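This report describes the chains, the nonpolar cores, the cavities and a few single residues of the structure shown below.

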Amino acid sequence: MFGRLLWRLLRGNRGRLAVALVAMASGAAVISALFNMQFDVQRKLTQEFRTLGANVVIAPAKSFGDGATLDRNLLNTVEMVAGADVAKAPYLYIVARTDANRPVVLAGTWLNAAAALRPYWKIDGEHAPFSAESTSCLVGANAARQFGLKIGNELRLHYGVNEARLTVAGIITAGGAEDDQVVASLPVVQDLASLRGRISLIELRVPGTAHEIRAVADRLQAASGDVRVEPIRQIADAEGALLGRVRLLIVSMAALIFVLTALSVLATMTALAMERRVDVGLMKALGGSIGRIVALFLAEVSVLGVAGGVVGYLVGALLTIWIGRRVFGAAISPRLEVLPLIVALMVGVALAGALPLRLLGRVKPAVILRGE
Amino acid sequence: MFARLVGESFVRNPRRILLAAAALAVGMAVTTAALSVALDVGDRLAREFRSLGANLLVTPQSDSLPLQIGGVDYRPVDEGAYLNEADLGKLRTIFWRHNILGFTPFLDVPERIAIGTDGVDASVIGTWYEHDVSVPDGSSFRTGAKLTHPWWKIQGRWFAEGSRECVLGEGLAARLSAGGGPIIGTTIQLPPKDEPKETGFLRPLIPLVVTGIVSTGGAEDNAILVPLPLTQELAGRPGKFRSLFVSALTKPEDAFSERDPNSMTPAEYDRWYCSPYISSIGTQIEQVLPGSNARAIRRVAETEGRVLTRVSGLLWLVTIAALVAAALAVAATSAATVIERRSEVGLMKALGATNLMVGGIFLAEQFVLAITGGAIGFLFGSLLARVLGTSVFGTPASLRLVLLPIVLGLSAAVVLLGSVIPLRRASRFEPAPILRGE
C-alpha cells in the first residue's frame, strides 16, 4: 500500500519532480567533480612542480671551499633509504682551465639523469641519451659565448697535469649557475681531477608533500652520517602554500554550489508541499494519520535525493574526466568514495527541502475539500 | 492593467516570490563570486608564486666567467665587472615598474674570519634585508631579501642597515659555536689583524656583532650575511654590486613570447614590450642598468608558467561548471513557480486572455524577479568574493562593475529558459479541466 502510494505520487508529479531532479543533479555533478579533483589535484600539481628540479641536496658537512668530497658509495645508501625510483644525480665540481688558461667550473654528473632532474634546462643541440663514459659535454650559454664554442667543437680542459678532450654536444640555457659551467660525464671529470669514486654532492627529487620530503631528508641524514642533508626549502614552502590555496578555493566553490542547490531544491519542494494540500486534506478526511502522510512525503524526497545524487555523481565523473583531460592532459579518475558522500548530501538537501511539511500539519480537511 | 496584474502576483503570494528571488539571488551571487575569483586568480597566484623568490637574475654583461660552486663565487674580488648600486632606483621607472615586486643586490667577498682565537674561511655576503631605495621620481621603495628570498628563516633578528652587525649561516654557526655557548650576541672579527690579504695592505679589524642565525637551505648556510656597504668596503668597491635578484610579476610564456624579439615586426615588438613577459621585463631592466645582462631564472619561471596555466585553466572550467549548475538550479526554481500557477493560467484563459497575454504577464513577472534577484545577487556575490579572496589569498578580490550587466543578462536568460517550457505547456491547457481542479 505504502509502496503503491509512493509510486503513484512520484508518477503523478513527474514534471515537478523532474525539475527538482535537474536542479539537484546539476548541483551534485559539480560538487562531486570538485570532490574528485580535491583528491587528485594535489598529486597532479605536485607533478607540475617537478620542473623545479631537485628538492633535497646531500653535501659534505663542510663548505665547498674546504675541498671536501663525498664517497660514491653514499649513492647506495641513498638508494636504500629513499628507494631506487627516486630521481637522483651525483655531481663533482672542479675548477678546470682551458687552453687559454681561463678558469671554468667543470661539473661531472650523470648527464641523462641530470637533464631529467633539471627539466628547466633549455638544451640546444643533442638531446640523445649519453653513454656513461661519453666524452660529450654540455656547455652553459654564457661559457659558450665567452669561449666562442659551438656545437660539435672540441674543448680541451686541464686540471694540474691532466687533460680531458671533450666534444660540445649542446648549449644549456638555465638562468642559473649552469650558464657559466661545463657539464660532462662523471667518470671523465673524476679521471681529470684524479678523484676516482668521489663526488661533491647528490641532488634528489623526493616525491610528496613538504612534510614527507622533510621525513625522507631526516631518514637520509640519520643513515648517511657526517654529511649535510638539506631539503631545498624554497621549493617545499612554495609548493605547500600554493597547493593549500588551490584546495581551499575548490572547497569554497563546492560549499557555494551546495548552498545554491539546497535553496533551489527548497523552492521546488515548497511548491510541491503547497500543491499536496489537497491530497493531504483528502487523506486526513479519510482518516489517514499525519505521520503516515509525512512518511510518504519523506519517502518521496528521499527517492528524489538518491536519484539526484546518483545522476549527479555520474555526470560529475564525466565532468572530472573531461576537466582532467583539458587541464592536465591526463584523466583524473573519479573516486568511488565520493558517491556515498554525494548521495548523503543530496538526501540531506531534499530532507531540508521537506521543511515546508510543517505547513501540512496545519491543513484543515474541510477547508481544503471545499476548494478554498 | 498589465502592470497591475504583474504587481498583484507579487503581493498575493509573497513567500513564493521570496523563495524564487532568493534562489535567483544566491545563484547570481555564486556566479558573481566565481567569476570575480576566476578573473583575479591568475594575478593572485602569480603573486603567490613570488614565495619562490626571485625569477630574474641580473649580472654585469662583460663579466668574466663566474666561478660559482654551490652558490658561492670563488672569483677574487679584483676580477670581473660590477654594477652600480645608485642605478637601482631606476628599476621602478621602467614600463612594468609596478610588476617589479622586489630586488636585492649581492656582493660576495671570500674572507677569513676570526672568533676568539680560531679562524675560519667563509664567504661574506653583502646584501639588503630591508632597504629603502630612492626612486628618481622622488618616492622611495622598500625592498631586499625579505621579498626576494622569503624562505630564509631567521633566528634572532636581522642586521640593521648600515650597522656593524652580521647574521651567520646555520652551518657556519654550528661550526663556530661547537662546544661554546649561544653565539647570538657575541662579536666576531673580520678579517684578523695578523693575516693581511694578498692585496698587500693591512686593513683595520672590523668587529661584527652577531644578531641572528639564518637558515636558507642553500650556500648562505655556510656564509656570513652583512649589510651591503660593508662588503663594498672590504672589496674596495664602494657603491658596487655583482648580482641582482629581481622578483617580478610575469605573464606565463607562450608561443609568442618565445620568439626572438629581433625578428618581430614593429607592431609585434610593441605588443611584446608592453606585455609583462619575463623576457620583456628583462629587456627593460637591461635598458635602465647600463652594462647588465638580465636572465630569467628558468627553474622558477618555467614552473611558475606551467602551474599557473594549469591552475587558472582548472578554475575557469570549475567556474563554468558552477555557472551551468547555478543556471540550471535557478531555471528549475523559476519553472516550479510557473508550474504551480497553472490554475491561474486557466482562469486567465477562461476570461479571454490570449496565450501571448498570459505569457507576457508571466515573463514580465519573471524578468522583474530576475533583475531584482540578479542585482541583489551581484551585491551579495561581490561581498562573497571579498570574503573568499581574503580567506584564500589574504587580500580581498576587487569589485568588478563589469560583471553587473553580465550577471543581470545571465539571470534574465536563465529565468527565460526556466519559464519558457512550462509556459509553452500551459498555452496548450484547456481552461475548463484546470478550473475544475483536474
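A residue counts as buried when its relative accessible area is under 20%, as exposed when it is over 50%, and as partly exposed in between. The model discussed here is predicted. By that cut-off, 53% of the 372 residues in chain A are buried, and in chain B 54% of the 438 residues are buried.

**The two chains**

The table sets out the chain totals.

| Chain | Helices and strands | Contacts between residues 24 or more positions apart, as a share of those with a separation of 6 or more | Exposed area and share from carbon and sulfur atoms |
|---|---|---|---|
| Chain A | 13 helices, 12 strands | 79% | about 15,700 Å², 60% |
| Chain B | 12 helices, 16 strands | 76% | about 18,600 Å², 60% |

One example of a pair that is distant in sequence comes from chain B. B:Ala336 and B:Ala20 are separated by 316 residues in sequence, while their C-alpha atoms lie 9.0 Å apart in space. B:Ala336 belongs to helix 8 of chain B. With a relative accessibility of 3%, B:Ala336 counts as buried.

**Nonpolar cores**

Which residues have the most contacts inside the largest nonpolar core? They are A:Leu34, A:Leu45, A:Ile257 and B:Leu314, in a core of 82 residues. Elements of both chains each supply at least two residues of this core: from chain A helix 2, helix 8 (233–275), helix 10 (290–328) and helix 11 (338–353), and from chain B helix 2 (14–48), helix 8 and helix 10 (355–393). Helix 8 of chain B contributes the most, with 16 residues.

A:Leu45 has contacts in both chains. Beyond its neighbours within four places in sequence, A:Leu45 is in contact with A:Leu243, A:Val246 and A:Phe328 in its own chain, and with B:Val307, B:Arg310 and B:Val311 in chain B. Another core, apart from the one just described, has 44 residues, including A:Leu74, A:Ala82, A:Val139 and A:Ala164.

**Cavities**

Rolling a probe the size of a water molecule over the atoms reveals where empty space remains. In this model there are 6 cavities of 30 Å³ or more. The largest cavity has a volume of about 70 Å³.

Which residues line the largest cavity? The lining consists of B:Thr250, B:Lys251, B:Pro252, B:Glu253, B:Ile278, B:Ala301, B:Glu304, B:Gly305 and B:Leu308. By type, the lining divides into 4 nonpolar, 2 polar and 3 charged residues. Helix 8 of chain B (residues 298–340) gives the largest share, 4 residues. This helix is also the element that gives the most to the largest nonpolar core.

**Two buried serines**

A:Ser32 is part of helix 2 (residues 14–48) of chain A. Is A:Ser32 buried or exposed? A:Ser32 counts as buried because its relative accessibility is 0%. Leaving out residues up to four places away in sequence, A:Ser32 touches A:Gly312, A:Tyr313, A:Gly316, A:Val338 and A:Ile342.

B:Ser247 sits in a strand, namely strand 15 (residues 243–248) of chain B. B:Ser247 has a relative accessible area of 1% and is therefore buried. Neighbours within four places in sequence aside, B:Ser247 is in contact with B:Arg50, B:Gly53, B:Ala54, B:Asn55, B:Asn99, B:Ile100, B:Leu101, B:Gly102 and B:Thr148.

**Positive phi values in loops of chain A**

Two residues of chain A that are not glycine have a positive phi. For A:Asn101 the angle is near 65 degrees. A:Asn101 is placed in the loop that runs between strand 3 (87–98) and strand 4 (103–109) of chain A.

For A:Ser194 phi is about 55 degrees. The loop that holds A:Ser194 lies between helix 6 (186–193) and strand 10 (198–199) of chain A. A:Ser194 has a relative accessibility of 56%, so A:Ser194 counts as exposed.

Definitions and conventions: Residues are numbered from 1 along each chain as its sequence is written. Chains are lettered from A and ligands numbered from 1 in the order in which they are written. This is a predicted model: local features need pLDDT of at least 70, side-chain atom pairs count only at pLDDT 80 or more; totals for chains, interfaces and linings use all residues. Side-chain values use heavy atoms; hydrogens and water are left out. On a 1 Å grid over the protein atoms alone, a cavity is a set of points where a 1.4 Å probe fits but cannot get out, and a pocket is an open set with protein on both sides within 12 Å along at least five of seven lines; lining residues have an atom within 4 Å of a point. Grid points are joined across faces, edges and corners, and a volume is the space filled by probe spheres set on the points. Ala, Val, Leu, Ile, Met, Phe, Trp, Tyr, Cys and Pro count as nonpolar, Asp, Glu, Lys and Arg as charged, and the others, Gly among them, as polar. Buried means under 20% relative accessible area, exposed over 50%, partly exposed in between (1.4 Å probe, protein chains only). Contact means heavy atoms within 4.5 Å. Accessible areas come from the Shrake-Rupley method with a 1.4 Å probe; for residues, only the protein chains shown count as cover. A nonpolar core is a set of buried Ala, Val, Leu, Ile, Met, Phe, Trp, Tyr and Cys residues joined through side-chain atoms within 4.5 Å.
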